[in-house]
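I opened a fresh page for this chain. My plan is to go from the overall layout to single residues and write down what I look up.

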Amino acid sequence: MRKLFRGAAALATSVVAVVALSASVEAKPVDAWAGCPDGAVCIYPQNQNPAVKPSHVFYKYGAHNLTNQFGNHWVLNNQYGGATANLCTGSNGAGCGRPIAAKTGVYADLTPVNSIRLNP
């Protein structure tokens with residue numbers, strides 16, 4: 001009887017361990033959006049529609065210069081707390097257009113865009 005009880009206890013422990021491990025392996029960030037991590041602004045490759053895997057990921061506030069970005073791209077602002085982002089025609093965040101609100105995105109022609117600015 002003891003062997004049967006030990007066997008059942010060992011089986012139950014194994015099942016719990018397998019369930020716990022499989023849950024942690026398959027867990028994904030809740031706030032990741034189209035591969036863009038929570039708190040980031042992401043630019044996707046030209047004509048990637050729908051947006052799947054970003055080619056550029058920005059976290060730091062301020063201006064970020066862009067090079068060799070032509071044609072239509074998704075730009076997703078996955079920041080939080082009301083933080084915005086701007087696409088700018090000039091380098092170093094000059095000549096910025098309308099803000100992209102947090103948790104929204106735009107499909108934009110980046111040919112005239114030379115920088116992106118992240119704002120708190």
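**Entry 1: layout**

I note at the outset that this is a predicted model. I looked up the secondary structure and found one helix and seven strands in the protein chain. Read from the N terminus, the order is α-β-β-β-β-β-β-β. I then checked burial: of the 120 residues, 30% are buried. The chain exposes about 7600 Å². Carbon and sulfur atoms supply 61% of that area. For contacts with a separation of 6 or more, I find that 62% join residues 24 or more positions apart.

**Entry 2: nonpolar cores**

Which residues have the most contacts inside the largest nonpolar core? I list I43, V75, L87, L110 and I116, in a core of 13 residues. The elements that give two or more residues to this core are β1, β5 and β7, the last spanning 115-119. Apart from this core lies another, of six residues. I wrote down C42, Y44, A51 and L76 as being among them.

I went back to L87 for its contacts, leaving out residues up to four places away in sequence. L87 touches V75, L110 and I116, among others. Its list also includes G95, C96, G97 and I100. V106, A108, V113 and S115 are on the list as well.

**Entry 3: the aromatic pair**

I searched for paired rings and the structure holds one aromatic pair. The partners are W74 and Y107, with ring centres 5.1 Å apart. Their planes stand at 45°, so I log the pair as tilted. The cut-offs bear this out, because stacked needs under 30 degrees and edge-to-face over 60.

Where do W74 and Y107 lie? W74 is in strand β4 (residues 72-77), and Y107 is in strand β6 (residues 104-109). The pair therefore ties together parts that are 33 residues apart in sequence. I checked exposure for both. W74 is partly exposed at 23% relative accessibility. Y107 is partly exposed too, with a relative accessible area of 34%.

**Entry 4: the salt bridge**

My search of the whole structure gave one salt bridge. The side chains of D38 and K103 form it, at 2.9 Å from N to O. D38 sits in the loop between α1 (2-26) and β1 (41-43). K103 sits in the loop between β5 (84-88) and β6. These places are 65 residues apart in sequence, so the bridge ties together separate parts of the chain.

Are D38 and K103 buried, partly exposed or exposed? D38 is partly exposed, with a relative accessible area of 32%. K103 is partly exposed, at 40%.

**Entry 5: H64**

I picked H64 next, which lies in strand β3 (residues 62-65). Its relative accessibility is 17%, so H64 counts as buried. I looked for a polar partner of the side chain. A polar atom of the H64 side chain lies 2.7 Å from the backbone oxygen of K60. Setting aside residues up to four places away in sequence, H64 touches F58, S115, I116 and L118. I116 is also one of the residues with the most contacts inside the largest nonpolar core.

**Entry 6: backbone oddities**

I scanned the backbone for a cis peptide bond. One joins N49 and P50, with omega of about 15°. P50 is in the loop between β1 and β2 (56-58).

I then looked up positive phi angles. A34 has a phi of about 55° although it is not a glycine. N68 has a positive phi of about 55° and is not a glycine either. N68 belongs to the loop between β3 and β4. With a relative accessible area of 64%, N68 is exposed.

**Entry 7: the surroundings of A34**

What does A34 contact beyond its neighbours within four places in sequence? I get Y44, A51, V52, K53, P54 and L76. Y44, A51 and L76 are also among the residues of the six-residue core. A34 itself is in the loop between α1 and β1. Its relative accessible area is 26%, so I log A34 as partly exposed. I also noted one distance: the C-alpha atoms of A34 and P54 are 8.1 Å apart in space. In sequence, A34 and P54 are 20 residues apart.

Note on methods: Residues are numbered from 1 along each chain as its sequence is written. This is a predicted model: local features need pLDDT of at least 70, side-chain atom pairs count only at pLDDT 80 or more; totals for chains, interfaces and linings use all residues. Side-chain values use heavy atoms; hydrogens and water are left out. Rings of Phe, Tyr and Trp (its six-membered ring) pair if their centres lie within 6.5 Å; planes under 30 degrees apart count as stacked, over 60 as edge-to-face and the rest as tilted. Helices (H or I, at least four residues) and strands (E, at least two) are DSSP runs, numbered from the N terminus. Buried means under 20% relative accessible area, exposed over 50%, partly exposed in between (1.4 Å probe, protein chains only). Contact means heavy atoms within 4.5 Å. Accessible areas come from the Shrake-Rupley method with a 1.4 Å probe; for residues, only the protein chains shown count as cover. A salt bridge is a side-chain nitrogen of Lys or Arg within 4 Å of a carboxyl oxygen of Asp or Glu. A polar contact is a pair of N or O atoms within 3.5 Å; within protein, one must be able to donate a hydrogen and the other to accept it, and residues adjacent in sequence count only if both atoms are side-chain atoms. A nonpolar core is a set of buried Ala, Val, Leu, Ile, Met, Phe, Trp, Tyr and Cys residues joined through side-chain atoms within 4.5 Å.
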